[in-house]
Amino acid sequence: MAVSSSQVTQTKVQSDLELPQRLKLGLEKNPKSQGEEPLCILRATAAAQTLASIIRSCYGPYGLQKFLVSAQGETVCTGHAAIILKALELEHPAARFVQELAQTQAENTGDGTAFVVLLTEALLEQAQYLLWAGLTPAQLREAFVTATAEVLTALPSLAICSLGPLEDPSWALYSVMSTHTLSNAEYLTKLVAQACWISREPNGSFKPESIVVCILQGGILTDSRIIPGIAICGKLCGRKTEVLNNARVALFNCPFGPSNPFAPATLRLSSPEELIRLRKHTEQVEMEIAELAMMGINVAVVLGEVNERSVDQADYCGVMVIQVKSRKEIVYLSDKLGIPLLNRILPPVEPGKCHRVYRQEFGESAVIMFEWEREIAPFLSVVLRGPTIQGLRGAEQAVYYGIDAFSQLCQDPRLLPGAGATEMALARMLVDKGSRLDGPNGLAFQAFAQALSSLPKTLAENAGLAAQSVLAEMSGYHQAGNFVIGVGTDGLVNVAQEGIWDILRTKAQGLQAVTGLVQQLVTVDQIIVARKTPRYRLIPQSAQNANTSSPLRAKFFGKYE
């Protein structure tokens, strides 16, 4: 059967119409819902839209930064959606669900946080249109289940390359790293790829926790290095500055010695009894330090005040004392060494073990190294250098994203076209199939396609392009079967030639998580806020009779506690 060019044009115009316009042409709004719109989905959509409006400008490699000011007055400049979401205090339950979903995505895959927030908002908006059109929540949920299954089935067919088992992963990690760092992305990508490659097990498996990231202010980013062992920023507090063999480590979340953070700088004793108590306390601490040495502990890592006399005792007993700067460092060390934090100067049941502990200098700064023998070295440290703490924090997050991306590739090495090309290709598939389906499934396919196509549109807006014209041109390429066309700096680009990739496993997990949340939210009809029930005080009848004699006492009778 011959098809004229006018029919093709009419079909393409019909498929390119947004969902609300399609509904006006076909299915009208349900008359029964004219006076009672689905307020719950409206509120959920509004909450998701508010959250997405914060994240939208950070999406993609051309996204902007945000200034986050904490309640304590600390200012952080970041473009990482996971950090921004973690800092927000949300009240609406739907917004909290989206926040939790995004944080879970960041923890499990290390990427795709902004993707899940923006797609959730777009899908809820399309679900709102379908409910207005007359679909019941149950129909909409089942239709979204069908559309999700179609998307997840079609997704692997878009993978056009994969990371080889013996291949340098730099090219596959560059897209992730460049999205989350503002400068020196190529150098940082090679550094992370080298660290991941060295840490990979002989059987091909990879443990992200085997790579430690330490930030050290000073120098420039290209001064960053990979060194074997665990590096922390700490201060050596005594004359003993290294343990070169058979190090036994204990971690203390308390002062090292008889120090009190609330005590004055100059100690004043007003009586002989206070002097005796101080001497007894000092002698007790000295006995505890001696007991540490007797149990084989030769490295003590302390988070708290360090007393000079106690350090002298530690030097005498051969115990190296390290004072860490933050709780994060000592908790990190506790996790890597597999030993607990102790709240008193007591020997641990089982000390942390490594080969040697020493100070290593980097220019004018230095780190404390916990090193194992090279044959059994379980950890590598990426020591990041930079002039500012804010820049180092951004680079640190980018390194973690690169490590998580490599972990995902070790489980599934397939890669998808990036820069919005995969979303547009999926949208085109759903439009083509949805146009041949009747009923709720056809509408749900069209709605899902509109939601997916909003993501390359956001990329174009953040790049400063004319989003509508770029999206129309991109849709034409994909309609012709060229699904490797995505959004670049100056317009459309061939992502295969530019080396812009998305990880299949990360994308699939994000899509599945988003659709699961939307399917749950569309069936919610009420938001019920439970409040504490006041507890009333029972008063004996005799007391009640006595209270009635006094007008003032009777006024407060029966008040709850």
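Helices (H or I, at least four residues) and strands (E, at least two) are DSSP runs, numbered from the N terminus. Keep that in mind as you look around, since the labels below all follow this scheme.

This is a predicted model, in which local features need pLDDT of at least 70 and side-chain atom pairs count only at pLDDT 80 or more, while totals for chains, interfaces and linings use all residues. Residues are numbered from 1 along each chain as its sequence is written, and side-chain values use heavy atoms, with hydrogens and water left out.

## Two loop residues with positive phi

A good place to begin is the loop between strand E7 (234-236) and strand E8 (247-252), where Asn-246 is found. Phi of Asn-246 is near 55 degrees, a positive value in a residue other than glycine. For background, most residues other than glycine have a negative phi. Another such case is Ala-419, with phi near 60 degrees, in the loop between strand E16 (414-417) and helix H14 (421-434).

Are these residues buried or exposed? Buried means under 20% relative accessible area, exposed over 50%, and partly exposed in between (1.4 Å probe, protein chains only). Asn-246 has a relative accessible area of 39%, so it is partly exposed, whereas Ala-419 counts as buried because its relative accessibility is 13%. The table sets them beside some other residues.

| Residue | Relative accessible area | Class |
|---|---|---|
| Asn-246 | 39% | partly exposed |
| Ala-419 | 13% | buried |
| Cys-317 | 21% | partly exposed |
| Cys-410 | 25% | partly exposed |
| Ile-368 | 1% | buried |
| Ala-449 | 3% | buried |

## Sheets and a hairpin

Now for the strands. Strands of a sheet pair through backbone hydrogen bonds, either parallel or antiparallel. Here two strands pair if DSSP finds at least two bridges between them.

One open sheet has 3 strands in the order E6-E14-E13, with antiparallel pairing. Strand E6 (230-232) and strand E13 (356-362) stand at the edges with a single partner strand each, so one side of each has no neighbour in the sheet. From one strand to the next, the twist averages 30 degrees; axes are lines fitted to C-alpha atoms, for helices over the stretch in contact, and angles run from 0 to 180 degrees between N-to-C directions. E13 is joined to strand E14 (residues 365-371) by 7 bridges, and Gln-360 has Val-367 in E14 as its bridge partner. Ile-368 also belongs to E14. The C-alpha atoms of Ile-368 and Ala-231 are separated by 5.6 Å, although the two residues are 137 residues apart along the chain.

Another open sheet of 3 strands follows the order E4-E15-E5, and its pairing is mixed. At its edges are E4 and strand E5 (225-228), each pairing on one side only. Its twist averages 25 degrees from one strand to the next. E4 and strand E15 (residues 380-386) pair in the parallel sense over 7 bridges, with Cys-214 opposite Val-383 in E15.

E1 and E2 form a hairpin with 5 residues between them, and Gly-73 in the turn has a positive phi of about 90 degrees. These antiparallel strands are joined by 4 bridges, and Val-69 stands opposite Thr-75 in E2.

## The largest pocket

Which residues come closest to the centre of the largest pocket? On a 1 Å grid over the protein atoms alone, a cavity is a set of points where a 1.4 Å probe fits but cannot get out, and a pocket is an open set with protein on both sides within 12 Å along at least five of seven lines; lining residues have an atom within 4 Å of a point. The largest pocket has a volume of about 1800 Å³, where grid points are joined across faces, edges and corners and a volume is the space filled by probe spheres set on the points. Of its 47 lining residues, the closest to the centre are Lys-86, Lys-328, Glu-396, Gln-397 and Tyr-400. H13 gives the most to the lining, with 10 residues.

## Cysteines

The structure holds 0 disulfides, a disulfide being a pair of cysteine sulfur atoms within 2.5 Å. The closest cysteine sulfur to that of Cys-410 is in Cys-196, 7.7 Å away, which is too far for a bond.
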